[in-house]
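Work through the exercises below with the model open. Try each task before you read its solution.

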Amino acid sequence: MRQHGTRPAEQGIYKIGTLASMVGLNPNILRAWERRYDTFRRNRSSGSQRLYSQEDVLLFQRVKEMLQLGLSISEVASLGREGLLQRPAPPPPPRKKPEYH
């Protein structure tokens, strides 16, 4: 189902449980973030289900990466949707140097 006025990349195709599984986040957390931060608000289907696009998958993968780097969710949300989507993926954490005894 194509939502009126959306580009194909923004078309909602995943339900919240599917998105949560894809990105490794709890659906309840996604719902709470949607209530608190405009960055994460999404369109709903005619049956009031949240529908997420492939672009949303990328967005929440970036969110998770930044949280793992130590940013708070409010810091991440303040970057805005476009900022998160345009931002290059963060570098991997530095590797520990082997200890020789």
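**Exercise 1: The first helix**

H2 and H3 are among the elements that cover the buried residues of H1. The model is a predicted one.

Task: State which residues of helix H1 are buried, and find how they are arranged around the axis of H1.

Solution.
- Step 1. Helix H1 spans residues 16–23. Its buried residues are Ile16, Leu19, Ala20 and Val23.
- Step 2. Look down the axis of H1. The buried residues fall within an arc of 100°, so they line one face of the helix.
- Step 3. Recall the helix geometry. An α-helix has 3.6 residues a turn, so residues three or four places apart point the same way.
- Step 4. Check what comes just after H1. Gly24 sits there, with a positive phi of about 75°.

**Exercise 2: Arg50 and its partner**

Task: Locate Arg50, decide whether Arg50 is buried or exposed, and identify the residue with which Arg50 forms a salt bridge.

Solution.
- Step 1. Arg50 is placed in the loop between H2 and H3.
- Step 2. Apply the cut-off: buried means under 20% relative accessible area. Arg50 has 15%, so Arg50 is buried.
- Step 3. List the contacts, leaving aside neighbours within four places in sequence. Arg50 touches Tyr14, Lys15, Ile16, Arg31, Glu34, Asn43 and Arg44.
- Step 4. Pick out the salt bridge. The side chains of Arg50 and Glu34 form one, at 2.9 Å from N to O.
- Step 5. Place both ends. Glu34 belongs to helix H2 (27–36), while Arg50 is in the loop that leads to helix H3 (54–68), so the pair ties together parts 16 residues apart in sequence.
- Step 6. Test the partner too. Glu34 has 6% relative accessibility and therefore counts as buried.

**Exercise 3: A salt-bridge network**

Task: Count the salt bridges in the structure, then work out which residues are linked in a network.

Solution.
- Step 1. The count is three salt bridges. The Arg50–Glu34 pair is one of them.
- Step 2. Take Arg81 with Glu55. Their closest N and O atoms are 3.4 Å apart. Arg81 is in helix H5 (residues 80–86) and Glu55 in helix H3, so this pair links distant parts of the chain, 26 residues apart.
- Step 3. Check burial. Arg81 and Glu55 are both buried.
- Step 4. Take Asp56 with Arg81. Their side chains meet in a salt bridge of 2.5 Å, N to O. Asp56 lies in helix H3 and Arg81 in helix H5, so parts 25 residues apart in sequence are tied together.
- Step 5. Check burial again. Asp56 is buried, as is Arg81.
- Step 6. Join the pairs. Glu55, Asp56 and Arg81 make up a network of salt bridges.

**Exercise 4: Aromatic rings**

Task: Count the aromatic pairs, classify the pair Tyr37 and Phe40, and name the members of the aromatic cluster.

Solution.
- Step 1. There are four aromatic pairs.
- Step 2. For Tyr37 and Phe40, the ring centres lie 6.2 Å apart. Ring pairs need centres within 6.5 Å.
- Step 3. Compare the planes. Angles over 60 degrees count as edge-to-face. The planes of Tyr37 and Phe40 stand at 85°, so the pair is edge-to-face.
- Step 4. Check burial. Tyr37 and Phe40 are both buried.
- Step 5. Assemble the cluster. Trp33, Tyr37, Phe40, Tyr52 and Phe60 form one aromatic cluster.

Note on methods
Residues numbered from 1 in each chain as written. Predicted model: local features only at pLDDT ≥ 70, side-chain atom pairs only at ≥ 80, totals over all residues. Heavy atoms only, no water. Salt bridge = Lys/Arg side-chain N within 4 Å of Asp/Glu carboxyl O. Helix = DSSP H or I, 4+ residues; strand = E, 2+ residues; numbered from the N terminus. Buried < 20%, exposed > 50% of the residue type's maximum accessible area, 1.4 Å probe, protein only. Phe/Tyr/Trp six-rings, centres within 6.5 Å; stacked < 30°, edge-to-face > 60°. Arc of directions from axis to C-beta. Contact = heavy atoms within 4.5 Å.
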